[in-house]
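Work through the following exercises with the structure open beside you. Each one sets a task, and a step-by-step solution comes after it.

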Amino acid sequence: MPTMQEAAGALERLLRFALEHGLIEACDIDYSRNALMDLFGLTAPGADDGAPLSPTARPMLDVLVDYAAQTGLLPTDTAHERARLDTRAMGILTPRPTQVERTFMFELEQGGAQQATDWFYALCRASNYIRVDDIEKNILWQADSPYGALDITINLSRPERDPKEIEKLKNAPKSGYPACMLCKENVGFAGDFSRPARQNLRTIPLHLLEGETWYFQYSPYLYYDEHCIVFKDEHTPMHICRQTLERILAFLSAFPHYFLGSNAGLPIVGGSILNHDHFQGGRADFPMARAPLYATYRHAGHPAVHCGAIRWPVAGVRLSSPDSGALLEAASALLQRWECYDDPARGILSHTGDTPHNAITPIGRRRGDAFELDLVLRNNRTDEAHPLGIFHPHAAKHHIKKENIGLIEVMGRFILPGRLAPVLPQMAQALMDTGLSKQAARWEQGHPLMPHRDWLLDIQSRRGPAPDMQQAQQWVRQEIGRVCMGTLEDAGVFKDTPDGRAGLHAFMACCGWQVAG
């Protein structure tokens, strides 16, 4: 464990890091040093050894937090409490919200939208709000599919809860402040037993439509390049409507180098946060964005809008036009029609009584001078065979992916749970076992591979035993990609089959769009 001298030296290196990355200025050094010394219980400054700094603040923070744990400053030495303390430390070094907003606007005026977001993104990485070191723990690969390569991620960046923390949560007082993880009141929030600290969170106000205020921030656990969140200042539920599309187009006008999309506003087909209206965006090229069209449509009432059916397992249409107003009219009409569209033969019912089931996942981007909107058709109806959703990952795939197919998965990037990481090597080892069927027959509940037994047996029945570990590991990744592909197929209201394509054409015809090619 570090000595007081080593902790004081780490503090000096942290100050140098903050200075070099523009978090503080030279005149802030004494103030920042004193605040950090007080936080970590240090009584005298240390010496900076002058060694080259790492790309992130984590090495210095780890020394300081280790020292805090050793001296009893941490209530419990758990990942959650350590993150709360290192966030509090970086909050001291992160510029105040007024200064961040002022600098962002200056960069926007001087160099344009990309220069402004480049500056803000770098600030959020340097301040450890974007937890770069944790994100690098994620397991990433691509898996081939009939629709091109899918992006697969096993998310290890969010630390698992320690049993001691879980016990504390049972008796922790409940608080309604902030109302959720997206509310603007999270800026500077110290965190509690159940929620992370956010002293280093900074947001940028946006005015997408007149009379509204939204805020722009980055995700602390990036799921893709420059993963940003745009959320409403008021804590109001998700709702997809004409104004949703209008806000997306307004954002694309201001930030043409980013895409912006929204989860559907209904359970099952929506994301994990439905109680606060928000969008997700960033600078990423997703598999769905590269998908071609298998048919084009024309509409006499929308001559300035190009429209086509996307060759993708989750049914959707792509509309584009250099005229954002014309695009808004065409997209709004499709949204309005889908919300009350029924196709009983394909299991699509827009309502059960007063309960709505049809929704749209909208995704917007720029292609040169043109605005482009992908409208992905969703339905959240359930039945006895599929109690979690007819157009949701079916039960046989839940051992890999049980969670909602939200915006990010729809676009072809899968965020799989961390529970899979420790069993990947065991899966590969099992596929090398020439006696797997006999071994698997002896597995009982609680065996780490029991949830995957039928799947592993099916893989080996099709491929035979893997000849070596390298081949087995490759098969595991390929087959996980195959399951992910299947979950997208499950989510498609109109399947990518002749019958499903006919169903989409029929819906488009109801909207006045006729197949052109």
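**Exercise 1.** Determine how S2 is joined to S15, and place both strands in their sheet.

Solution. In this predicted model, 4 bridges join S2 to S15, and the two strands run parallel. One residue pair to look for is Asp151 with its bridge partner in S15, Arg413. Turning next to S1 (139-143), we find that 5 bridges join S1 to S2 (residues 150-154) and that these strands run antiparallel. Putting the pairs together gives an open sheet of 3 strands in the order S1-S2-S15, with mixed pairing. The edge strands are S1 and S15 (413-416), each of which pairs on one side only, and the twist averages 20° from one strand to the next.

**Exercise 2.** Follow the connection between S1 and S2, and find which residues of S2 are the bridge partners of Trp141 and Ala143.

Solution. The hairpin of S1 and S2 has 6 residues between the strands, and in this hairpin Gly148 takes a positive phi near 105°. Ala143 has Leu150 as its bridge partner in S2, while the partner of Trp141 in S2 is Ile152.

**Exercise 3.** Decide, for S2 and then for S10, which residues point the one way and which the other, and whether they are buried or exposed.

Solution. The general rule comes first: in a regular strand, side chains alternate between the two faces of the sheet. In S2, Leu150, Ile152 and Ile154 point one way, whereas Asp151 and Thr153 point the other way. Buried here means under 20% relative accessible area, and by that cut-off 5 of the 5 residues of S2 are buried. In S10 (residues 316-321), 6 of the 6 residues are buried; Gly316, Arg318 and Ser320 point one way, with Val317, Leu319 and Ser321 pointing the other way.

**Exercise 4.** Identify the strands that are joined to S10, and find the residues that Leu319 meets in them.

Solution. Begin with S9 (residues 306-310), which 4 bridges join to S10 in an antiparallel arrangement; a hairpin of 5 residues leads from S9 to S10. Then turn to S14 (residues 370-379), which is joined to S10 by 6 bridges and also runs antiparallel to S10. Leu319 is the bridge partner of Cys307, and Leu319 stands opposite Leu373 in S14.

**Exercise 5.** Describe the second largest pocket by its volume, its lining and the helices that contribute to that lining.

Solution. The volume of the second largest pocket is about 410 Å³. It is lined by 19 residues, and those closest to its centre are Gly91, Ile92, Thr94, Pro95 and Arg96. Three helices, H2 (29-40), H4 (79-93) and H5 (97-111), each supply at least two residues of the lining, and the largest share, 3 residues, comes from H4. Sorted by class, the lining has 8 nonpolar, 7 polar and 4 charged residues.

**Exercise 6.** Compare the radius of gyration of the protein chain with that of a compact globule, and add the overall dimensions.

Solution. For 517 residues, a compact globule would have a radius of gyration near 24 Å, and the protein chain has 25 Å, which agrees. Along the principal axes, the C-alpha atoms fill a box of roughly 75 × 65 × 45 Å. The chain has 16 helices and 16 strands, and buried residues make up 54% of its 517 residues.

Notes: Residues numbered from 1 in each chain as written. Predicted model: local features only at pLDDT ≥ 70, side-chain atom pairs only at ≥ 80, totals over all residues. Heavy atoms only, no water. 1 Å grid on protein atoms, 1.4 Å probe; cavity = no way out; pocket = protein on both sides within 12 Å on 5 of 7 lines; lining within 4 Å. Points joined across faces, edges and corners; volume = space filled by probe spheres on them. Nonpolar A, V, L, I, M, F, W, Y, C, P; charged D, E, K, R; others polar. Buried < 20%, exposed > 50% of the residue type's maximum accessible area, 1.4 Å probe, protein only. Pairing = 2+ DSSP bridges. Axes fitted to C-alpha atoms, helices over the stretch in contact; angles between N-to-C directions. Rg over C-alpha atoms; globule rule 2.2 N^0.38 Å.
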